[in-house]
Amino acid sequence: MTKKSINLDVDPTIMEKNMRIIKENPMEEELNKLFSSVDTVPSKLVKPKPGFCVKTFTKPENKKIFVNICITEAIPCPRDVTNQELMKILNSEDPSSYRVPMSIGEGRTELDKSGSPATVYDVAVNPNFFKKIETDDLFQTFFLTVVFEGLQDKYQFEIDSQKYTVLKNRKSFGTLQSHRIQIRDIKSCEAQNKTLIEEVANEQPQKINDISLQNKKELLYRLRREPPTGEIQYLLAEFRVPPTVELKDLHLEVGEDRLVLDSKGQFELVDFFLPCSVDQDVIDAILNRNDNILSVKMPAIH
């Protein structure tokens, strides 16, 4: 995932309270003074460990493909939910509110046991989550559905999701490839559950000004989608930024499916995944000092 960073900086000649950042619009030179530089996020190559292999087919060509589900600590763990909670999420109006971080590798050609060419993909997940999908049929079915949808969206082909087999006694097909993972301080699963999931819930949120801050070292925030149901048009992240935090101390990064807000150590780093891919080139961030709210509007990619 490529991330672009937004340095919340302001021209000293601008005296208005509301600061607006619109990423790279060459037709508006005045706004260019507010543009951020693009930082390259450090990354590293990791070699996942084998987990299990799935054989399936494309539609309508009936072309055989193999998907290696593999493991690496470099991928964060999704929040831990029970079977009942998962079913409730899947039956809700927005099942995408439960997100599973994963790394989908490039396709490659390998020969199957009959000598025929087949396309192979490696999909890496966190080892703690892998234990769950390995032993729980419901989570495995849910996870494979998400994997198939991810492959279809990324490589623009259709998978016959009703026609797949988890291969027995085979942890991988072919040689697992290395994945390039961005280097970032990743919260533990427990930490994510505490600081991220409840705040990002898609239920009717309270007004942000009415929510009390339980930990003075954590920035209060929420993430909501528009419209509330149906296809997502854009995501809106809102952060309460205390008056004690100066504009120059805020650093915002928005990736295709991740948002990070840093306040130079004054508050805990806010780092969470987004429920859909967003257009990194059209990010609208507004810091309103009237109510001390930073709003980040992120158009969804369809």
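**Exercise 1. Find the hairpin formed by β7 and β8, and describe its turn.**

Step 1. Strands β7 and β8 make a hairpin with five residues between them, and in the turn G115 has a positive phi of about 90 degrees. Strands here are DSSP runs (E, at least two residues), numbered from the N terminus. This is a predicted model, where local features need pLDDT of at least 70 and side-chain atom pairs count only at pLDDT 80 or more, while totals for chains, interfaces and linings use all residues. Residues are numbered from 1 along each chain as its sequence is written, and side-chain values use heavy atoms, with hydrogens and water left out.

Step 2. Now look at the pairing (DSSP must find at least two bridges between two strands). Four bridges hold β7 (residues 108-111) antiparallel to β8, and T109 sits opposite T119 of β8.

**Exercise 2. Which other strands pair with β8, and in what sense?**

Step 1. Start with β5 (residues 64-71), which runs parallel to β8 over seven bridges. Within β8, Y121 stands opposite V67.

Step 2. Move on to β6 (residues 103-104), joined to β8 by two bridges in the antiparallel sense. Here S103 has A124 of β8 as its bridge partner.

Step 3. Finally, check the burial of β8 (buried is under 20% relative accessible area, exposed over 50%, partly exposed in between, with a 1.4 Å probe and protein chains only). Because eight of the nine residues of β8 (residues 117-125) are buried, the strand is largely enclosed by the rest of the structure.

**Exercise 3. Trace the salt bridges of R258, R222 and R224.**

Step 1. Apply the rule: a side-chain nitrogen of Lys or Arg lies within 4 Å of a carboxyl oxygen of Asp or Glu. The count by this rule is twelve salt bridges.

Step 2. Take R258 and D271, whose side chains meet at 2.8 Å, N to O. This pair links distant parts of the chain, with R258 in β14 (residues 258-262) and D271 in β15 (residues 270-273), 13 residues apart. R258 counts as buried because its relative accessibility is 7%; D271 is buried too, at 10%.

Step 3. Turn to R222 and E238, which form a salt bridge at 2.5 Å, N to O. They lie 16 residues apart, R222 in β11 (residues 221-226) and E238 in β12 (residues 234-240). Both R222 and E238 are buried.

Step 4. Add R224 and E226, another salt bridge at 2.5 Å, N to O. R224 is partly exposed at 24%, and E226 is partly exposed at 22%.
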